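Student: I am new to this structure and would like a close look at a single part of it, the surroundings of the ligand. Could you take me through that part slowly and then show me how the rest of the chain is laid out?

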Amino acid sequence: MTDPIVYLNGQFLPLGEAKVSVLDRGFLFGDGVYEVIPVYGGKPFRLAEHLQRLDNSLAGIRMTSPLTAEQWSDLFDRLIRGDHDQSIYLQITRGAAPKRDHAFPKETPPTVFAMCNPIAPIPASGVRAITVQDIRWDWCHIKAVTLLANVLLRQQAVEQGCAEAILVRDGQAIEGAASNLFVVVDGILVTPPKGNRILPGITRDLVVELAQANAVPCQERDIAAEELSRAAEVWVTSSTREILPIVELDGRTVGNGSPGPVWARMNRLYQEFKETLRRGG
Ligand SMILES: Cc1ncc(COP(=O)(O)O)c(C=O)c1O
């Protein structure tokens with residue numbers, strides 16, 4: 001298989017030739033942010049929303065976007081190949097300073113990297129998950145490349161034969177290690193409110209928007225960890241896993257052990273929304 005073409009600091013080049021300095025602050029400190037943007041029918045999905053979140057993440061670490069929205073869009077068009085489902089990964093770090101120092105370097109250009117990958121098929125029958133203690137920092141609204149806590153928690157799930165870890169902090173179920181959380185309790189769809197404890201997911205926002213537009217009762221409020229065990233449905237959402245039902249949590253069956261009716265409805269609305277985009281609507 002040929003090396004895919006990626007973008008690095010103004011150049012398009014084969015992945016194997018894309019190299020960054022060992023002094024890059026992304027490598028040394030995890031000092032950078034990233035985005036993952038799904039691409040359907042050759043078009044980035046919810047691009048404006050993803051670029052807005054990128055700007056917010058950059059502002060959160062006191063950086064500004066090195067490219068305009070138009071430049072990002074042109075760059076993505078050059079990376080996207082074919083019309084199969086794929087996703088753009090982009091990462092911006094505070095660059096490679098002459099020496100390792102925690103304080104921000106002066107006049108160091110950022111490192112800008114982007115690549116496009118196929119999206120793995122999503123298991124329609126649902127997946128298993130575990131709950132774990134949220135050991136992350138206090139600024140989870142920033143999509144930072146510093147993902148060690150998320151990596152360790154997801155690995156814990158994988159080692160228990162699960163696809164995701166649901167993070168619990170101060171008695172509240174917060175989100176997944178790489179996804180947002182939805183539950184159906186007493187017939188109402190519930191997701192935690194935005195704030196610094198969760199990543200403001202683009203998929204989450206679209207699910208809330210579609211629920212509101214289609215009269216599906218939906219609340220943005222805290223979810224007590226105990227509610228997970230009585231929820232009729234539990235799902236996680238993300239750009240590459242869309243709306244993924246959890247059918248077993250901590251070894252206990254959720255609902256009747258298969259994806260529930262509210263999931264089926266929201267998933268249909270989500271797929272229809274994607275189709276409209278694919279057809280150019
Ligand atoms: C911690 C976390 N929460 C939520 C999400 C979902 O965000 P989005 O729907 O924008 O992909 C992600 C995505 O990777 C994530 O890492």
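Tutor: What follows starts at the ligand, moves to one residue beside it, and then turns to the domains and two loops. Please keep in mind throughout that this is a predicted model.

The shell around the ligand has 13 residues, and among these Leu199, Gly201, Ile202, Thr203 and Ser239 come nearest. The elements that contribute two or more residues to this shell are helix 5 (202-213) and strand 14 (233-238), and helix 5 gives the most, with three residues. Sorted by character, the shell around the ligand holds four nonpolar, seven polar and two charged residues.

Gly201, one of the residues that come nearest to the ligand, deserves a longer look. Gly201 sits in the loop between strand 11 (188-191) and helix 5. Is Gly201 buried or exposed? Gly201 counts as buried because 24 C-beta neighbours lie inside 10 Å, and the cut-off for that class is 20 or more. If neighbours within four places in sequence are set aside, Gly201 is in contact with Asn180, Thr237 and Ser238. Gly201 and His141 are separated by 60 residues in sequence, while their C-alpha atoms are 9.1 Å apart in space.

Stepping back to the whole chain, the domain assignment gives domain 1 (5-118) and domain 2 (127-278), with their C-alpha centres 26 Å apart. Where these domains meet, 22 residues of domain 1 are in contact with 15 residues of domain 2. On the side of domain 1 that touches domain 2, the elements giving two or more residues are strand 3 (32-40), helix 2 (47-60) and strand 5 (86-93), and strand 3 gives the most, with eight residues. That side of domain 1 is made up of eight nonpolar, nine polar and five charged residues.

Two loops remain, each with a backbone detail to look for. Most residues other than glycine have a negative phi. Arg46, in the loop between strand 4 (43-44) and helix 2, is not a glycine and yet has a positive phi of about 55 degrees. Arg46 counts as partly exposed because 18 C-beta neighbours lie inside 10 Å. Asp170, in the loop between strand 8 (164-169) and strand 9 (172-176), likewise has a positive phi, of about 50 degrees, although it is not a glycine. Asp170 is exposed, since 9 other C-beta atoms lie within 10 Å, and the limit for that class is 12 or fewer.

Note on methods:
Residues numbered from 1 in each chain as written. Predicted model: local features only at pLDDT ≥ 70, side-chain atom pairs only at ≥ 80, totals over all residues. Near = placed C-beta within 6 Å. Helix = DSSP H or I, 4+ residues; strand = E, 2+ residues; numbered from the N terminus. Nonpolar A, V, L, I, M, F, W, Y, C, P; charged D, E, K, R; others polar. Contact = placed C-beta atoms within 7 Å. Domains from an automatic or database assignment.
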